[in-house]
Amino acid sequence: MIGILYFSSTSNTLYIAQKIQSRIGGSIKYIPNYKGDGSEFEKIILLTPIYSYGMPTFVYDIIPRLNKTKELIVIQNYGGMVGGADYFMYQYSSKHGLNIKAVYVLKMPENFTLTFTLFRNFTYIEF
Ligand SMILES: Cc1cc2nc3c(=O)[nH]c(=O)nc-3n(C[C@H](O)[C@H](O)[C@H](O)COP(=O)(O)O)c2cc1C
């Protein structure tokens, strides 16, 4: 069985995890509650949002302990700017000896409300 490991704060990534499961099957695990290393799975799909051109802390934490022989495919999703997070993910996983095969990025609705607030304020600046 495929392991679909995901982190999500506002459900965009969970949505993708469920879509993948509905097409190819697999067992969905929420990374903060998952204590394993993925060795019970035939391969691992890791789903994560991009946070500040990187990844959420839970994802930084799980990568070093994942099984190093299982094939790993990463799907990152983002709201507007990847900023090299996909390359960084590949480097970070390789550095920890993982059998990473691919990193994909997928655009989803933006949930970083701070950005919206800033843009809104900029709009109202008068010169
Ligand atoms: C703290 C934080 C940082 C973010 N940083 C980025 C970023 O650097 N680039 C980007 O395109 N989107 C960024 N986003 C937007 C999310 O990656 C995007 O909306 C994602 O789909 C959220 O997934 P989720 O609903 O599963 O948490 C950020 C969101 C948050 C909350």
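In this predicted model, Ile75 faces Tyr104, a residue of strand 5. A second opposed pair is formed by Leu72 and Ile100, the latter again in strand 5. Strand 4 and strand 5 run parallel and are joined by eight bridges. Between these two strands the chain passes through helix 3, and strand 4, helix 3 and strand 5 together make a β-α-β unit of right-handed sense. Helix 3, covering residues 85-95, lies across both strand 4 and strand 5, and runs at about 160 degrees to strand 5.

It helps to step back to the whole fold. The secondary structure of the protein amounts to four helices and five strands, and along the sequence these elements follow the pattern β-α-β-β-α-β-α-β-α. The five strands build an open sheet with the order 2-1-3-4-5, and their pairing is parallel. Strand 2 and strand 5 (99-107) occupy the edges of the sheet; each has a single partner strand, so one side of each is left without a neighbour there. On average, and with direction ignored, neighbouring strands of the sheet are turned by 20 degrees against each other. As a general point, side chains in a regular strand alternate between the two faces of the sheet.

At the other edge, strand 1 (residues 2-6) pairs with strand 2 (residues 27-30) in the parallel sense, over four bridges. Within this pairing, Ile4 has Ile28 of strand 2 as its bridge partner. The connection from strand 1 to strand 2 goes through helix 1, and this β-α-β crossover is right-handed.

Two numbers describe the protein as a whole. Of its 127 residues, 28% are buried. Among contacts with a separation of 6 or more, 77% are between residues 24 or more positions apart.

The loops deserve a closer look, beginning with the one between strand 2 and strand 3, where Tyr34 is found. Tyr34 has 16 C-beta neighbours inside 10 Å; it is therefore classed as partly exposed. Setting aside neighbours within four places in sequence, the contacts of Tyr34 are with Leu5 and Lys29. From Tyr34 to Tyr6 the sequence separation is 28 residues, while their C-alpha atoms are 9.6 Å apart in space.

The loop between strand 3 (43-49) and helix 2 (57-62) contains Ser52, and Tyr53 is placed in the loop between strand 3 and helix 2 as well. Both residues have backbone angles worth noting. Ser52 has a phi near 45 degrees, which is a positive value in a residue other than glycine. For Tyr53, also not a glycine, phi is positive at about 60 degrees. How exposed is Ser52, given the C-beta atoms within 10 Å? Ser52 has 9 other C-beta atoms within that distance, and is therefore exposed. Tyr53 has 13 other C-beta atoms within 10 Å, so Tyr53 is partly exposed.

Helix 3 links back to this loop through Ala85, a residue of that helix. Ala85 counts as buried because 22 C-beta neighbours lie inside 10 Å, where the cut-off for a buried residue is 20 or more. Residues up to four places away in sequence aside, Ala85 touches Ile50, Tyr53, Gly54, Met55 and Gln76. Ala85 and Ser52 are 33 residues apart along the chain, and 8.5 Å separates their C-alpha atoms.

Finally, the model includes a ligand with 22 residues around it, of which Ser8, Asn12, Thr13, Pro49 and Tyr78 come nearest. Helix 1 (12-24) and strand 4 (71-78) each contribute at least two residues to the shell around the ligand. By class, that shell consists of 12 polar, nine nonpolar and one charged residues.

Note on methods
Residues are numbered from 1 along each chain as its sequence is written. This is a predicted model: local features need pLDDT of at least 70, side-chain atom pairs count only at pLDDT 80 or more; totals for chains, interfaces and linings use all residues. A residue is near a molecule or strand if its C-beta atom, placed from the backbone, lies within 6 Å of it. Ala, Val, Leu, Ile, Met, Phe, Trp, Tyr, Cys and Pro count as nonpolar, Asp, Glu, Lys and Arg as charged, and the others, Gly among them, as polar. Two strands pair if DSSP finds at least two bridges between them. A crossover is right-handed if, with the strands pointing away from the viewer, the path from the first strand over the helix to the second runs clockwise. A residue is buried if 20 or more other C-beta atoms lie within 10 Å of its own, exposed if 12 or fewer, and partly exposed in between; C-beta atoms are placed from the backbone. Two residues are in contact if their C-beta atoms, placed from the backbone, lie within 7 Å. Axes are lines fitted to C-alpha atoms, for helices over the stretch in contact, and angles run from 0 to 180 degrees between N-to-C directions.
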